[in-house]
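I opened my notebook to see how this chain is put together. I took one topic at a time and wrote down what I found.

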Amino acid sequence: MFFMMGIMDGRKDFDYNQQIICSDCGRYGRYQVFMTYMVLSIFFIPCLKWNKKYYVQTSCCNTRYELDPEIGKRIARGEAVEILPEHLTRINTNSWERCSKRCQHCGFETFEDFEFCPKCGNRF
Ligand SMILES: [Zn+2]
């Protein structure tokens, strides 16, 4: 029998808006919530998702945090929850930096291979 399956990683952005004053850059911003996961597809139909992780990114300076999975699940269900600082773990590891560059000067983050920060001109 002809049988097709594949494993991919996916990302889902949630329709979540929370106004914040950023503790990092002091500007007004929003929390943007998204989830990453691995998915097994059979005949291009996603059948199984696992390794779900929830993240928060600020719209002002793109600081990333890992979100408490319990809060992430509630946001995924569409509940109106407020994200508090204790739900967030700042990502300081190299896991993101391996595939992205972050400006030391203004915190701008890009996945492109820029030599200079397109926002403030600082050399990466
Ligand atoms: Zn900020």
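**Entry 1: the elements.** I counted secondary structure and got one helix and eight strands. The model is predicted, and I keep that in mind throughout. I then read along the sequence and noted the pattern β-β-β-β-β-α-β-β-β.

**Entry 2: strand β3 and its partners.** I looked up β3, residues 28–42. Strand β1, residues 5–13, pairs with β3 in the antiparallel sense. Nine bridges hold that pairing on record. I checked one of them: G6 has S41 of β3 as its bridge partner.

Next I looked at strand β2, residues 18–21. β2 and β3 also run antiparallel, joined by four bridges. One bridge links I21 to Y28 in β3.

Then I turned to strand β4, residues 45–58. β3 and β4 are antiparallel too, with 11 bridges. Here S41 turns up again, this time with P46 of β4 as its bridge partner.

**Entry 3: the hairpins.** How many residues lie between β2 and β3 in their hairpin? I found six. G26 sits in that turn and has a positive phi of about 80°. The hairpin of β3 and β4 has two residues between the strands.

**Entry 4: two unusual phi values.** Most residues other than glycine have a negative phi. I therefore noted any exception, given that general rule.

F43 has a positive phi near 50° and is not glycine. I located F43 in the loop between β3 and β4. Is F43 buried or exposed? It counts as exposed, because F43 has 10 C-beta neighbours inside 10 Å and the cut-off for exposed is 12 or fewer.

N51 is the next one I wrote down, with a positive phi near 55° in a residue other than glycine. N51 lies in strand β4. N51 is exposed because 9 other C-beta atoms lie within 10 Å.

**Entry 5: burial and contacts.** I looked up the buried share of the chain. Of its 124 residues, 13% are buried. I also looked at contacts with a separation of 6 or more. Residues 24 or more positions apart account for 39% of these.

**Entry 6: the nonpolar core.** Which residues make up the largest nonpolar core? I listed eight: Y31, V33, M35, Y54, V56, L67, I71 and I75. β3, β4 and α1 (69–76) each supply at least two residues of this core. β3 gives the most, with three residues.

I picked M35 from the core for a closer look. I set aside its neighbours within four places in sequence. M35 is then in contact with K12, K52, K53, Y54, G72 and A76.

**Entry 7: the helix.** Which residues of α1 are buried? I found I71, G72 and I75. Seen down the axis of α1, these buried residues fall within an arc of 100°, so they line one face of the helix. I then asked what covers the buried residues of α1. The cover includes β3, β4 and β5 (64–67).

Last, I checked what comes after α1. G78 follows the helix, and its phi is positive, near 85°.

How values were computed. Residues numbered from 1 in each chain as written. Predicted model: local features only at pLDDT ≥ 70, side-chain atom pairs only at ≥ 80, totals over all residues. Pairing = 2+ DSSP bridges. Buried ≥ 20, exposed ≤ 12 C-beta atoms within 10 Å, placed from the backbone. Contact = placed C-beta atoms within 7 Å. Core = buried A, V, L, I, M, F, W, Y, C linked by C-beta atoms within 7 Å. Arc of directions from axis to C-beta.
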